[in-house]
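Reader: I should like to discuss the salt bridges of this structure. May we take them in turn, with the reasoning behind each answer?

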Amino acid sequence: MKDIEFLLLEYGPLLVFLNVLLEQAGLPIPAYPLLIVAGALAVHGNLPWELTLAAAVVACLIADAAWYAGGKRFGSGLLNTVCRVSISRDSCIRQTQSLYWRTGPRILFVAKFLPGASALSTVMSGYAGLPFRRFLAYDAGGSLIWAGSALIVGAAFNDMVGDVIAVLGEYGGYGLLAIAVMLACYLGYRWVRRKRTIRRFAHVRRVTLDELDEMQAQGCVPVLLDVRASSDDPMPGAIAFDPHAPIGQQEQAWPVDAHIVVYCACPEEISAAVLADRLLKAGYRNACALAGGYNAWLARRQAEAALAMGAVGTAGAAAAAPARASGS
């Protein structure tokens with residue numbers, strides 16, 4: 001910790017800029033503690049707080065603009081990729097989308113205080129089509145609140161920060177080891193819990209898109225339930241449904257032997273499997289989850305569109321060839 005204090009005195013805002021940029025880019029390098037130390041040094045005049053705050057905000061805007069551009073370009077694919085590194089992968093996408101659709105870009109004011117929500121909320125901003133100027137305004141406000149609060153905490157408790165730095169300088173190795181052990185235990189607990197959740201719903205049958213097409217070709221039209229947080233651009237004939245809502249009046253219109261296919265946009269189809277399991281327990285014998293979920297259907301639709309465009313291009317070239325030959 002003494003080394004960090006020395007580096008701050010030596011490089012100041014540049015070190016803050018690099019630390020914040022790397023953290024907001026997704027690397028596990030916490031920047032908030034460094035900002036608190038910077039605030040404690042700034043109150044004694046050892047560091048220019050205005051330049052330090054500006055460096056932190058600019059770093060946030062650069063990293064967040066990249067996440068925004070990725071969300072705009074790659075959409076749910078990038079959101080799914082980001083959630084794959086989350087310790088709560090199964091609920092990550094649904095909770096992020098649900099929170100964003102409820103609050104809109106206002107979530108950017110507090111996203112940096114919520115573990116794992118910063119990158120996800122900026123990706124969602126691009127995915128949802130938020131205009132870039134509005135995104136910058138909200139994101140700059142959130143970055144200013146986040147970085148400013150750390151500097152204020154450091155300034156307000158500068159004596160305490162100095163004492164903590166002194167203690168960690170003397171026993172820092174043991175403290176870091178204890179933190180590492182606790183973090184490893186927590187990650188191990190979440191991993192075991194995730195595996196148990198997957199095993200718990202492993203009995204729910206998965207049907208592929210080809211099997212779904214075959215069912216429809218044979219005249220069996222299943223009830224298709226969409227349990228994504230946002231029901232935008234659903235599969236044809238799908239009904240938006242909350243996987244945690246009580247089984248109530250709507251389901252009574254379905255016969256108990258109805259084929260019900262539930263789909264989501266989450267790893268291992270967990271949200272879909274949760275609802276399918278509840279329907280099975282309620283007596284619906286043919287409830288199942290769609291393998292690959294919404295992303296599998298979307299990928300197939302995009303592939304079919306690309307093939308169609310290729311076929312149109314080939315046909316156009318073939319039709320133009322005789323015309324060129326006759327013209328020559």
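Reader: Is Asp213 buried, partly exposed or exposed?

Author: The model is a predicted one. Buried requires under 20% relative accessible area and exposed requires over 50%. The relative accessibility of Asp213 is 31%, so this residue counts as partly exposed.

Reader: Which residue forms a salt bridge with Asp213, and where do the two partners lie?

Author: Asp213 belongs to helix α10 (residues 209-217) and its partner to helix α12 (residues 293-327), 87 residues apart, so that the pair links distant parts of the chain. The closest N and O atoms are 2.6 Å apart, and the partner is Arg300.

Reader: Which residues are joined with Asp213 into one network?

Author: The network arises from salt bridges that share partners. Besides Asp213, its members are Asp210, Arg300 and Glu304.

Reader: How many residues apart in sequence are the parts that Asp233 and Arg301 tie together?

Author: Asp233 and Arg301 form a salt bridge with 2.7 Å between the closest N and O atoms. Asp233 is in the loop between β2 (223-226) and β3 (239-240), whereas Arg301 is in helix α12, so the parts they tie together are separated in sequence by 68 residues.

Reader: Glu269 and Arg206 meet in a salt bridge; what is the relative accessible area of Glu269?

Author: The side chains of Glu269 and Arg206 meet at 3.1 Å, N to O. Arg206 counts as partly exposed at 26% relative accessibility. Glu269, by contrast, is buried, and its relative accessible area is 14%.

Reader: How many salt bridges are found in the whole structure?

Author: The pair Glu269 and Arg206 is a salt bridge, as is the pair Asp233 and Arg301. A search of the whole structure gives a total of 9.

Definitions and conventions
Residues are numbered from 1 along each chain as its sequence is written. This is a predicted model: local features need pLDDT of at least 70, side-chain atom pairs count only at pLDDT 80 or more; totals for chains, interfaces and linings use all residues. Side-chain values use heavy atoms; hydrogens and water are left out. A salt bridge is a side-chain nitrogen of Lys or Arg within 4 Å of a carboxyl oxygen of Asp or Glu. Buried means under 20% relative accessible area, exposed over 50%, partly exposed in between (1.4 Å probe, protein chains only). Helices (H or I, at least four residues) and strands (E, at least two) are DSSP runs, numbered from the N terminus.
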